[in-house]
Amino acid sequence: MQALYAQLLVGLINGSFYALLSLGLAVIFGMLNIINFAHGALYMMGAFTAYFLLNLTGIGYWWALIIAPIVVGIFGMILERTMLQWLAGLDHLYGLLLTFGIALIVQGVFQNYFGSSGLPYAIPDYPQIGDWRGLQGGINLGFMFLPIYRGWVVIFSLVVCLATWFLIEKTQLGAYLRAATENPTLVRAFGINVPRMITLTYGLGVGLAALAGVLSAPINQVRPLMGADLIIVVFAVVVIGGMGSIMGSIITGFALGVIEGLTKYFYPEASNTVVFVLMVLVLLVKPTGLTGRAA
Amino acid sequence: MKQRISALFLGTTLALAAGGTALAQDKTVKIGVLTDNSGLYSDLGGAGSTLAAQMAVEDSGLAAKGWKIDIVSADHQNKPDIGTTIARQWIDVDKVDIFVDVLNSGVALAVNNLVKEKNAIMINTGAATSDLTNAQCSPNTIHWVYDTYMLANSTGQALVKAGGDTWYFLTADYAFGHALERDTAAVVVKSGGKVIGTVRHPLNSSDFSSFLLQAQASKAKIIGMANAGGDTTNTIKQAAEFGIVSGGQKLAGLLLFINDVHSLGLKVAQGLNFTETFYWDLNDGTRAFSKRFSERMKNKAMPSMVQAGVYSGLIHYFKTIDAMGGNPHDGVKVVAKMKETPTDDPLFGKGTIRADGRKLHPAFLFEVKKPAESKGPWDYYKLVGTTPADQAFRPLSESVCPLVKK
């Protein structure tokens, strides 16, 4: 029973990454109608940015949490301005292929220079207050030893997810965004710069991916393929949750992390497959996803 | 995907001028570097293996003797079906004589069958499974660098002797992981230890916390990592996070490469024990080669034992066919000749190839240095033990290989 609690918690931790990444995908798909296959590569760039900040300029983890999403977000906005915007109104397939190509190029470049084994990035050891060494070490919960860093990941990503949901669903800015998706011409008539909003939205989605990258850097190696390994699962999460549904993708992200964690306990050999089995089941029963709207 | 490197060209006039005997002999060779060029093992083999093959061609001096040697390389993506498709095309269409690297045991076993069927040659330097020279042994295959039996024998025995008598395995769920787990478990039991559990994870996982928690709950003294590449580095990193080592359990890296240690950093990797058959800083010969190699690598990496094996294996192959006076394009014949000839190269020293295709050389037990002991990048290992060549690998008395006469 104790082991089961531990697996649930571990699942929740992985779920945080799924949630953050699928949220970014859902935002981009919902607002831009682009299936952003470059998401994994941008997540990887977030982790690499954190690595460069630390090793080239000495800027540590906490600042990287802010700087990396901005840097990668700007890179994303340049992509949107120079390439993606021309695909507006075309079939989804074009966006998918373009972003897939971008992902391959970005990964190829990083792999060429940094190899596949990855680079180390340590868990931050500051601020130091009393016995606390930043986020290093762990707490014994009785049923498991919880690394403080993992706990931090769950809480932080939950906060970021909810803040994003609030921004899009409950604020004036979010209302403009949603309106611009429904009817860009009409919103433009009200004097709102729709293309700029779209660019910023893409930047936001990309920034979320980069943020997840920074969060995962101390857990995984900073590897060129870290995103490629994850992105397929995250897409399955988005499909299960329903394309474009903000809350749906957050909840499914966490839920699937937990389900995957349980599979690792009961039948570990299937742990890489369980998400896709679920995806197939959901698509058979409810093709729009659990919380998705009809296309 | 396919990268063609025309290694050397030589005017046919030279060959013509050499007279009648030269004309009778075919002096062309095609080498196929079949490896993981893009995935989790690409640092161990990949572009580095192709470079090692190129350096072997250059150092062999065969071009000056009228040989024309080509190298092709391709990415098998760690998938046996893709590997065999490429291999089939290489043999049938491109007339490849010899396969090198072929890391990933799943791919290696599949290509092993094909190479035998088509009478080509494989010098396997990358795959770990000891089946290549045991149940699946072939007159066309030489297993050059290391295998699961040797790793288990060296690392496993050393750890049990040091008091690690209860084991829990964390195993990559495919041919290699299974073989490594099987061979290590046998050594553990034979040395008086006990295996109390095992968990199998899919190849190329990114999160090991669930598996590590199960290993932690088992209370085994040793957690044996029967995996490789990125899977191993992530396991080690996350084990530190979950307080496994500070909780008194010890991690055993059953297969680690210098690239993994480089990637982990000494702070995380220090104190790990594992076995390799090559390290760049062993002697003057290895240092000289590694320096030349590293200068030509994009990321300035030192050679892994897989890449060093490609060089060493090809040097021996070139010596053999040169002595034969030409390339007979007959795998069994060349491999038989290679087995007769003792090996000697600066990387692995003097050695022999056994009837079952096993190349013999010493196995080194290393310990990763503490950060303070290291003089700089790639200065990572301390040699703590050596198993002599004749004891490092599976004895022929235990072999089920039909090529071994009993």
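## Reading a two-chain predicted model

Analyst: Let's start with one residue: A:Met243 counts as buried, because 21 other C-beta atoms lie within 10 Å. Keep in mind that this is a predicted model.

User: Where in chain A does A:Met243 lie?

Analyst: A:Met243 is in the loop between helix H9 (226-241) and helix H10 (246-266) of chain A. You can also look at how sequence separation and distance in space go together: A:Met243 and A:Leu141 are 102 residues apart along the chain, with 37 Å between their C-alpha atoms.

User: And A:Val280, is that buried or exposed?

Analyst: The general idea is to count neighbours, with 12 or fewer meaning exposed. A:Val280 has 12 C-beta neighbours inside 10 Å, so it counts as exposed. A:Val280 belongs to helix H11 (residues 274-285) of chain A. From A:Val280 to A:Met226 it's 54 residues in sequence and 25 Å in space, C-alpha to C-alpha.

User: Let's move to chain B. How do I read its radius of gyration, and why does the value agree with a compact globule?

Analyst: You compare the value with what a compact globule of that length would give. For 406 residues that would be near 22 Å, and chain B has 21 Å, so the two agree. Along the principal axes, the C-alpha atoms of chain B fill a box of roughly 75 × 50 × 35 Å. Burial is another thing to read here: 59% of the 406 residues in chain B are buried. As for contacts in chain B with a separation of 6 or more, 74% of them are between residues 24 or more positions apart.

User: How many helices and strands does chain B have, and into which domains is it divided?

Analyst: Chain B has 15 helices and 16 strands. Its domain 1 takes in 3-146 + 281-361, while domain 2 takes in 149-273 + 362-396. The centres of these two domains of chain B, taken over C-alpha atoms, are 29 Å apart.

User: How do I read the contact between those domains? What does each side give?

Analyst: Count the residues on each side, then ask which elements and which classes they come from. In chain B, 24 residues of domain 1 are in contact with 25 residues of domain 2. On the domain 1 side, helix H5 (residues 105-117) of chain B gives the most, with three residues. By class, that domain 1 side divides into ten nonpolar, eight polar and six charged residues.

User: Can I use that recipe between chains? How many residues of chain B are in contact with chain A?

Analyst: Sure, go through it step by step. There are 36 residues of chain B in contact with 34 residues of chain A. On the chain B side, the elements giving two or more residues are strand S8 (194-201), H8, helix H9 (230-241) and helix H10 (258-264) of chain B. H9(B) has the largest share, six residues. The classes on the chain B side come to ten nonpolar, 18 polar and eight charged.

User: What should I look for in a single helix, say H13(B)? How many of its residues are buried?

Analyst: Start with the general geometry: an α-helix has 3.6 residues a turn, so residues three or four places apart point the same way. Now the case: H13(B) has 20 residues and spans 28 Å from first C-alpha to last, close to the 28 Å expected at 1.5 Å a residue. Of those 20 residues, 15 are buried, so H13(B) is largely enclosed by the rest of the structure. Just after H13(B) comes B:Gly325, with a positive phi of about 85°.

User: Which residue other than glycine has a positive phi near 60°, and where does it lie?

Analyst: That's B:Lys219, with phi near 60°. B:Lys219 is in the loop between helix H8 (209-217) and strand S9 (222-226) of chain B. It has 13 C-beta neighbours inside 10 Å and therefore counts as partly exposed. B:His329 isn't a glycine either, and its phi is positive at about 50°. Look for B:His329 in the loop between helix H13 (305-324) and helix H14 (331-340) of chain B. With 16 C-beta neighbours inside 10 Å, B:His329 is partly exposed too.

User: Last one: how do I read a sheet, and what is the order of the strands in the one with S13 of chain B?

Analyst: Generally, strands of a sheet pair through backbone hydrogen bonds, either parallel or antiparallel. Here three strands of chain B form an open antiparallel sheet in the order S12-S13-S14. Strand S12 (343-345) and strand S14 (359-360) of chain B are at the edges with a single partner strand each, so one side of each has no neighbour in the sheet. Strand S13 (residues 349-353) of chain B is joined to S14(B) by two bridges. B:Thr352 sits opposite B:Leu360 in S14(B).

Methods:
Residues are numbered from 1 along each chain as its sequence is written. Chains are lettered from A and ligands numbered from 1 in the order in which they are written. This is a predicted model: local features need pLDDT of at least 70, side-chain atom pairs count only at pLDDT 80 or more; totals for chains, interfaces and linings use all residues. Helices (H or I, at least four residues) and strands (E, at least two) are DSSP runs, numbered from the N terminus. The radius of gyration is taken over C-alpha atoms; the globule rule is 2.2 Å times the number of residues to the power 0.38. Two residues are in contact if their C-beta atoms, placed from the backbone, lie within 7 Å. Domain bounds come from an automatic or database domain assignment. Ala, Val, Leu, Ile, Met, Phe, Trp, Tyr, Cys and Pro count as nonpolar, Asp, Glu, Lys and Arg as charged, and the others, Gly among them, as polar. The expected span of a helix is 1.5 Å times one less than its number of residues. Two strands pair if DSSP finds at least two bridges between them.
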